[in-house]
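Work through the exercises below with the sequence and the model side by side. Each task is followed by its solution in steps.

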Amino acid sequence: MNPRADRANRIVLALLGFVLLVAGAAGIAAGLFLFGNDALLPAEATTFIAANHSWFWPAVVAAAVLLALLGLLWVTAQLASDRVSRLELASDPAAAAARCC
Amino acid sequence: MRLVNRMLALVIGIAMVAIAVLVTVEVVLANLGQARWLIPYQNVAALLAGRTWQSSSVRAVLVAVAVVGLVLLISQLWPRQRRFVELSGAADGIDPVLPRSSLRKAIDAAAAAEDGVRATAVNLGPRRAIIRLVTTRHDEEQDKEVATRVAQRVTQRIADIGLARPPRVTVRVITGGDR
């Protein structure tokens, strides 16, 4: 296993955990104190999206592409290995021994 | 934990790509005036519009999200054992190390090789190696003697390996019987 990928996994998963914790806690707090009986998707939001659809949906697609790239990057990082794929053999054994020992 | 993290990374990474592709295709189809592909977004919008922040189902989901986040955060921040232990004799640019699992096996083998030991279990911490023994005898005095011999043998084995910071050896005996 690649130690760099392990470290990256740990950081990304910790960040993801933090984001989920904050989002969940914020949502619970919203239900308890802030928004009262507001709908999850208020009418203002749908009005806003309808009024700004010329840039809103392209922005959603751009965010989705970014998400896909990050996901791909993360998945490919899991397949990376730090093992040496090939070793170069010295043509002169004496020189190799001198360099090695 | 590393393997679990790797599996999580694969699952979440693939899910990210799948969600992104799904959203992109749906937005493009909607802009072209085509029928939806997989997401029934009218139903989703109606569902969200019909729920408030105080709905019990919404609150249950939010609590679940917060708990998953907390578990994930704690599991990642919890300190982990190093995979390698340092050996003495570090030179310029070379830090000799030994896999922790190999050290554990060496300790286990040394303990198991002592007379009167039926079974062993080794718990290897950063500063202490705890060896639990099951002896073949009923006699407490003899068990103490076995424990002393095991501690000496394991300490010697660790000294032979040449660790930079040898762990303290503790032996705990579970009195066995001839079976």
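**Exercise 1. How are H3(A) and H1(B) oriented to each other, roughly parallel or roughly antiparallel?**

Solution.
- Step 1. Take the two helices from this predicted model. H3 of chain A covers residues 53-79, and H1 of chain B covers 2-31.
- Step 2. Read the geometry. The two helices pack at an angle of about 155°, and their axes are 8 Å apart.
- Step 3. Apply the cut-off. Angles over 145 degrees count as roughly antiparallel, and therefore H3(A) and H1(B) are roughly antiparallel to each other.
- Step 4. Add the hand. H3(A) and H1(B) cross in a left-handed way.
- Step 5. Sort the contact residues by class. The contact of H3(A) with H1(B) has 21 nonpolar, 5 polar and 1 charged.

**Exercise 2. How many residues of chain B are in contact with chain A, and which helix supplies the largest share?**

Solution.
- Step 1. Count both sides. On chain B, 37 residues are in contact with 38 residues of chain A.
- Step 2. Assign the chain B side to elements. H1 (2-31), H2 (41-50) and H3 (56-77) of chain B each give at least two residues to it.
- Step 3. Pick out the main supplier. H1(B) provides the largest share, 17 residues.
- Step 4. Classify the chain B side. The side that touches chain A holds 25 nonpolar, 8 polar and 4 charged residues.

**Exercise 3. Set out the elements and burial of each chain.**

Solution.
- Step 1. Start with chain A. Chain A has 4 helices and 0 strands, in the order α-α-α-α from the N terminus.
- Step 2. Go on to chain B. Chain B has 5 helices and 5 strands. Its elements run α-α-α-β-β-α-β-β-α-β from the N terminus.
- Step 3. Add burial. Of the 101 residues in chain A, 12% are buried. For the 179 residues of chain B, the figure is 18%.
- Step 4. Look at the range of contacts in chain B. Among its contacts with a separation of 6 or more, 48% join residues 24 or more positions apart.

**Exercise 4. Which strands of the sheet E3-E4-E5 in chain B stand at the edges, and why is one side of each left without a neighbour?**

Solution.
- Step 1. Write the order. The 3 strands form an open sheet, E3-E4-E5 of chain B, with mixed pairing.
- Step 2. Find the edges. E3 (117-124) and E5 (168-174) of chain B each have a single partner strand, so one side of each lacks a neighbour in the sheet.
- Step 3. Give the twist. From one strand to the next, the average is 20°.
- Step 4. Examine one pair. E3(B) and E4(B), residues 128-135, run antiparallel and are joined by 7 bridges. Ala119(B) has Val134(B) as its bridge partner in E4(B).
- Step 5. Place the helices. H4 of chain B (residues 100-112) packs on the sheet and touches E3 and E4, at about 155° to E3(B). H5 of chain B (residues 140-161) lies across E3, E4 and E5, at about 150° to E5(B).

**Exercise 5. Describe the crossing of H4(B) and H5(B).**

Solution.
- Step 1. Get distance and angle. The axes come within 9 Å and cross at roughly 145°.
- Step 2. State the hand. The crossing of H4(B) and H5(B) is right-handed.
- Step 3. List residues. H4(B) contributes Leu103(B), Ala106(B), Ile107(B), Ala110(B) and Ala111(B). H5(B) contributes Val150(B), Arg153(B), Val154(B), Arg157(B) and Ile161(B).
- Step 4. Classify them. The contact of H4(B) with H5(B) has 8 nonpolar, no polar and 2 charged residues.

Methods: Residues numbered from 1 in each chain as written. Chains lettered and ligands numbered in written order. Predicted model: local features only at pLDDT ≥ 70, side-chain atom pairs only at ≥ 80, totals over all residues. Buried ≥ 20, exposed ≤ 12 C-beta atoms within 10 Å, placed from the backbone. Contact = placed C-beta atoms within 7 Å. Nonpolar A, V, L, I, M, F, W, Y, C, P; charged D, E, K, R; others polar. Pairing = 2+ DSSP bridges. Axes fitted to C-alpha atoms, helices over the stretch in contact; angles between N-to-C directions. Parallel < 35°, antiparallel > 145°, perpendicular 65-115°, else oblique. Left-handed = near helix turned anticlockwise from the far one by under 90°.
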